[in-house]
Amino acid sequence: MTTVLIIEDQADVRENINAILELEGYETLTAEHGLMGVELAKAHRPDLILCDVMMPQLDGYGVLQKLQQNTATASIPFIFLTAKAERASLRSAMELGADDYLTKPFTLDELLNAIAARLAKHSAIEADVAQELHQLRSNITRSLPHELLTPLNGILASADLLISFYDSLEPEEILSSLEDIKLSGHRLHRLIQNFLLFAELELIATTPERAKAWQNRLSQVVNSKPTIQKIAETVAQNFDRCADLSLTLEDAIIGISEVDLIKITEEIIDNAFKFSQKGTPIIVTTTVSGNQFMLSISDRGRGMTPEQIDKIGAYMQFERKLYEQQGSGLGLVIAQRVTELYGGQFKISSILNQQTMVIIQLSLSQSTQM
């Protein structure tokens with residue numbers, strides 16, 4: 001049964017709403033002031049909250065703010081009941097995160113329609129989330145075993161070769177097998193790191209405590225040019241495509257930790273090399289305009305359709321059966337999430353089978369702007 005919490009200090013209004021909702025088949029909870037309402041919401045997690053604005057002890061704005069600070073109650077549909085029809089007051093309510101408002105006096109139909117609309121919208125959102133979770137599980141199930149087993153099989157095969165033929169192998173053959181083991185080990189290590197980082201980014205997005213742990217990184221700065229140049233050259237060397245790399249970099253001190261700039265740059269440039277052919281250019285450019293820093297990375301690879309760009313998500317790799325390309329699809333997602341943590345912008349433009357360009361925009365450090 002759907003539960004509605006009614007927070008209203010006027011007893012007659014509270015009782016009338018309660019009686020109406022019970023007749024309509026709703027289960028109800030009632031609170032005569034804001035503090036009681038907050039406690040009931042935390043204890044029972046109702047499906048929807050009706051809350052008066054002007055109340056003693058804690059007003060409706062205070063109730064909403066407290067509920068949004070708690071992850072268990074932050075997403076509960078919230079409708080303000082207000083006698084203040086001024087535009088500024090209603091705008092304040094919505095800016096705080098209220099889903100709707102009803103101006104007293106309201107009719108029976110207005111009340112029931114508002115509740116039904118908010119519940120329907122919330123159900124639709126939950127259905128979308130459930131679908132995304134299902135897609136995520138499906139993608140993990142398909143990609144994770146393959147991505148872990150591929151480098152692991154390489155390690156085991158090379159190790160088996162060394163063990164079985166150690167007394168007859170030439171030094172060059174032994175060195176080649178050891179290099180294969182190292183390469184596969186690095187790939188496996190990076191993959192595990194990316195899965196762990198993605199999980200951490202997911203927790204940061206949903207857990208305020210985790211977000212606070214990143215605050216010290218958000219205040220760090222880094223010189224972009226040497227960092228980006230080093231990463232770009234290292235990735236190009238790993239793909240044996242140093243001749244394909246083109247760098248045009250401006251000096252800039254930007255507001256991001258070195259660790260995070262390295263991660264963003266590495267993932268995007270690695271992706272550009274991975275999905276383009278040897279002999280085609282990878283162009284890395286940085287520019288400064290006003291207080292904004294822009295990093296642009298383009299390739300002449302297979303590209304993506306607008307639909308594929310819209311669907312970019314974790315563990316999502318397009319046309320895997322066709323191309324059999326290594327990679328879990330986490331790189332772009334991680335780069336995007338980290339960029340957005342710093343208040344930056346992440347954009348992808350692509351022409352199928354022709355070109356892909358990723359543009360990242362970040363702020364210069366405050367000291368640089370002065």
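1. **The aromatic cluster.** In this predicted model, ring pairs tie Tyr61, Phe78 and Phe80 into a cluster. The structure holds 3 aromatic pairs. Take Phe78 and Phe80 first. Their ring centres lie 5.0 Å apart, and their planes meet at 75°. That angle is over the 60 degree cut-off, so the pair counts as edge-to-face. Phe78 is buried, at a relative accessible area of 1%. Phe80 is buried too, with a value of 1%.

2. **A stacked pair elsewhere.** Phe239 and Phe273 also form a ring pair, with centres 5.5 Å apart. Their planes are at 15°, so this pair is stacked. The pair links distant parts of the chain, 34 residues apart. Phe239 sits in the loop between helix H9 (224–238) and strand S7 (245–248). Phe273 belongs to helix H10 (residues 258–274). How buried or exposed are the two rings' residues? Phe239 is partly exposed, at 28% relative accessibility. Phe273 is buried, with a relative accessible area of 1%.

3. **Strand S4.** Back to the residues around Phe78 and Phe80. Strand S4 covers residues 78–82, and 5 of its 5 residues are buried. The strand is therefore largely enclosed by the rest of the structure. In a regular strand, side chains alternate between the two faces of the sheet. On S4, Phe78, Phe80 and Thr82 point one way. Ile79 and Leu81 point the other way. Both sets are buried.

4. **Neighbours of S4.** Which strands pair with S4? S3 is one partner: S3 and S4 run parallel and share 4 bridges. Here Asp52 has Leu81 of S4 as its bridge partner. The chain passes from S3 through H3 to S4, and this β-α-β crossover is right-handed. S5 is another partner, parallel to S4 and joined to it by 4 bridges. Leu81 appears again here, with Leu102 in S5 as its bridge partner. Leu81 thus has bridge partners Asp52 and Leu102.

5. **A cis peptide bond.** Most peptide bonds are trans. The bond joining Lys104 and Pro105 is cis, with omega about -5°. Where is Pro105 found? Pro105 is in the loop between strand S5 (100–103) and helix H5 (108–165). The loop therefore follows the strand that bridges to S4, if you are tracing the chain by eye.

6. **Arg45.** Most residues other than glycine have a negative phi. Arg45 is not a glycine, yet its phi is positive, about 45°. Arg45 lies in the loop between helix H2 (34–44) and strand S3 (48–52). Is Arg45 buried or exposed? Its relative accessible area is 54%. The cut-off for exposed is over 50%, so Arg45 counts as exposed.

7. **Gln57.** Gln57 also has a positive phi without being a glycine, with a value of about 70°. Gln57 is in the loop between S3 and helix H3 (60–68). Gln57 is exposed, because its relative accessible area is 60%.

8. **Where to look in the viewer.** For the buried part, S4 is the place, with 5 of 5 residues buried. For backbone geometry, check the cis bond between Lys104 and Pro105, then the positive phi of Arg45 and of Gln57.

Definitions and conventions: Residues numbered from 1 in each chain as written. Predicted model: local features only at pLDDT ≥ 70, side-chain atom pairs only at ≥ 80, totals over all residues. Heavy atoms only, no water. Helix = DSSP H or I, 4+ residues; strand = E, 2+ residues; numbered from the N terminus. Buried < 20%, exposed > 50% of the residue type's maximum accessible area, 1.4 Å probe, protein only. Pairing = 2+ DSSP bridges. Right-handed = clockwise from strand over helix to strand, strands pointing away. Phe/Tyr/Trp six-rings, centres within 6.5 Å; stacked < 30°, edge-to-face > 60°.
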